[in-house]
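Please look over the chain below. The report that follows covers its sheets, some of the helices and a surface patch.

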Amino acid sequence: MTTGGSRGPGCIHRAKLLGKNGRSAFPFFLFNPHICSTQVEPDKKLSSLGLQRGGFACKLEAIMIWLFVGFLLGLWAGVTVGWLFYIRQRRKNVQIDEEKQLLHQEKQIVVEFMHNLVEAIGAGAGREELFQHIVHASILSTGALSACIFERTGRDKLRGVAVEGLFPPQHQLPEKSREKLSTRAKFIEQILKSEVFEMGEGLIGSVARTGKAVLIEDASGDPRVIQHDDPALKVRSLVVAPIAFRSKILGVLAVANPADGMAFNETDFSLVQSLAEQAAMAIHNSDLMGMQIEKSKLDLDIAVASSIQGMILPQKFPDNAALDIDAFYRPAQKIGGDLYNVIKLDERRVGLAIADVSGKGVPASLLMTICQTNLRHFAQAYRSPSEVLKAMNREMSEEIRRDMFITIIYAIIDTANDTLTLSRAGHELPLVCVQSGGDSKPELAFIGSEGMALGMVPSDVFDYVIEDKTVPFKRGDIAVFYTDGVTEAADEEGTEFASKRLAESVRVLRERPARDINAGIVSTVERYTGQDKFADDLTLITVKHT
């Protein structure tokens, strides 16, 4: 039997496990909170409340330790995951930096490539020289051993135009030609420049037809690649890209065999595509610049021709108190093919001519100039209008091309005899307005005579057909000479102005001076057609006997 101050075995065991404050001094206990109630008998002198508090403290401490351990494990896992993420992101950033560097290098190459091409274009390099610049820049940019350009011709064929290095021919070489490989470079260049491919034929034609670039990293076993017996012509790796501007195929750029012995990769492929795109733009700009230069030259030639034409056409007319004369001329282009002239023959006679050269532009203008020169010469040599036209036809027959001709009217007004004598070589019928006097209506008539255009038939036929026609031309009468640009002017529905409307316009305007009559006719034509520019030259000569 024990005394009140003695401790039983359970109390002794508990004392060993608890510290001064009743807390565990042995780690195992802390990890096993149930030991407080199962392995240690409670002190009989401890109240039940104290016992419950001690068990609660054990459990709470164990939970806190578990949480702490979990925190450490979570921290370790977080650090590990963060480190792995950092390593992965760092590698990704390094890869992005490398890609940016490659893109920057590619951009620099393309910029330098374009700079060189712009300099070549600015220096006036021809198309073939420009192609040679492109293949040279392609080799420098890609580190390839050879390159070639195949240009698209007008017949949808591809022809080799520029080569650098020993670019392998894309057709099998004939047996006889293989003996000439001792002079490889020049011979291969000749072979390539003589090669012609149809659209869709072989690898070159296929790229041209599809418009899609091709990368062949390992060409040794690719059936699309032509291989040759000569080791120097072996194709190890190949890039073929279309030279296209706005979907229009201009040619094909082919680059073969990197100098480092490796295969072309995606970066090389992208670079060659970029070079081909920029080359297409350079070729287009070069062609455009060439066209602009040619256009500038042509514009200068046209301006000079227009100036000369303006000097040839009369700016003022001979003084004749009995005649009020006015002419109106509007070419459809900068220079035209219509002509007119008023020539003083003597004090009482005046010659008038109006003509229309077939065609337009510079050829028509040149022929008009020749016609004007001959007219002035023969008008002074002959008294009859038909004789003047006969002489002009004989003189100009050899100078007029077979696809060109001249329609012309030459008339002589004799104010002493009040007559108008004309000869017509296939031209529009002149209109004569005869004033009857008083309140009666004027008589309007188109005067016809036989004749064929200058340069259309041999001289003997022309001379046989041509004739003179004489009609009265008294005070108050009006004669209107015109080209087909007046009567053939059409409205929106394609209906021509025609001679009937011309006659009506003259009838309405007959009381006005010659200048106002011409202005009124032109204004009427413009209102009828709804425009002030016409497809054909428009020329008028109006003569009023005052």
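How many bridges join strand β9 to strand β10? Nine bridges join β9 (residues 349–357) to β10 (residues 406–414), and the two strands run antiparallel. One partner pair is L352 in β9 with A411 in β10.

The model is predicted: local features need pLDDT of at least 70, side-chain atom pairs count only at pLDDT 80 or more, and totals for chains, interfaces and linings use all residues. Residues are numbered from 1 along each chain as its sequence is written, and side-chain values use heavy atoms, leaving out hydrogens and water.

**Two open sheets**

Helices (H or I, at least four residues) and strands (E, at least two) are DSSP runs, numbered from the N terminus. Two strands pair if DSSP finds at least two bridges between them. The table gives strand order, edge strands and average twist. Angles run from 0 to 180 degrees between N-to-C directions, with axes fitted to C-alpha atoms, for helices over the stretch in contact.

| Strand order | Edge strands | Average twist, strand to strand |
|---|---|---|
| β7-β16-β15-β12-β13 | β7 (323–330), β13 (443–446) | 15 degrees |
| β8-β9-β10-β11-β14 | β8 (338–344), β14 (468–472) | 15 degrees |

Pairing is antiparallel in the sheet that runs from β7 to β13. Pairing is also antiparallel in the sheet that runs from β8 to β14.

**Helices on the β7 to β13 sheet**

Four bridges join β12 (residues 431–434) to β13. L431 stands opposite F446 in β13. Helix α13 (residues 498–509) lies across β12, β13 and β15 (478–482), at about 145 degrees to β13. Helix α14 (residues 514–529) also packs on the sheet, touching β7, β15 and β16 (538–545). The direction of α14 makes about 30 degrees with that of β7.

**Helix α7**

Helix α7 (residues 202–210) has buried residues L203, I204, G205, V207 and A208. Buried means under 20% relative accessible area, exposed over 50%, and partly exposed in between (1.4 Å probe, protein chains only). These α7 residues pack against six strands: β1 (144–152), β2 (157–164), β3 (196–198), β4 (214–216), β5 (238–245) and β6 (248–258). Contact here means heavy atoms within 4.5 Å. G211 follows the helix, and its phi is positive, near 75 degrees.

**A nonpolar surface patch**

F68, V69, F71, L72, L73, L75 and V79 form a nonpolar patch with about 670 Å² of accessible area together. Patch residues have over 30% relative accessible area and no salt bridge, and nonpolar side chains are joined within 5 Å. A salt bridge puts a Lys or Arg side-chain nitrogen within 4 Å of an Asp or Glu carboxyl oxygen. V79 belongs to helix α4 (residues 48–122). V79 is exposed, because its relative accessible area is 53%.

Definitions and conventions:
Patches are made of residues with over 30% relative accessible area and no salt bridge: like charges are joined within 9 Å, nonpolar side chains (Val, Leu, Ile, Met, Phe, Trp, Tyr) within 5 Å. Accessible areas come from the Shrake-Rupley method with a 1.4 Å probe; for residues, only the protein chains shown count as cover.
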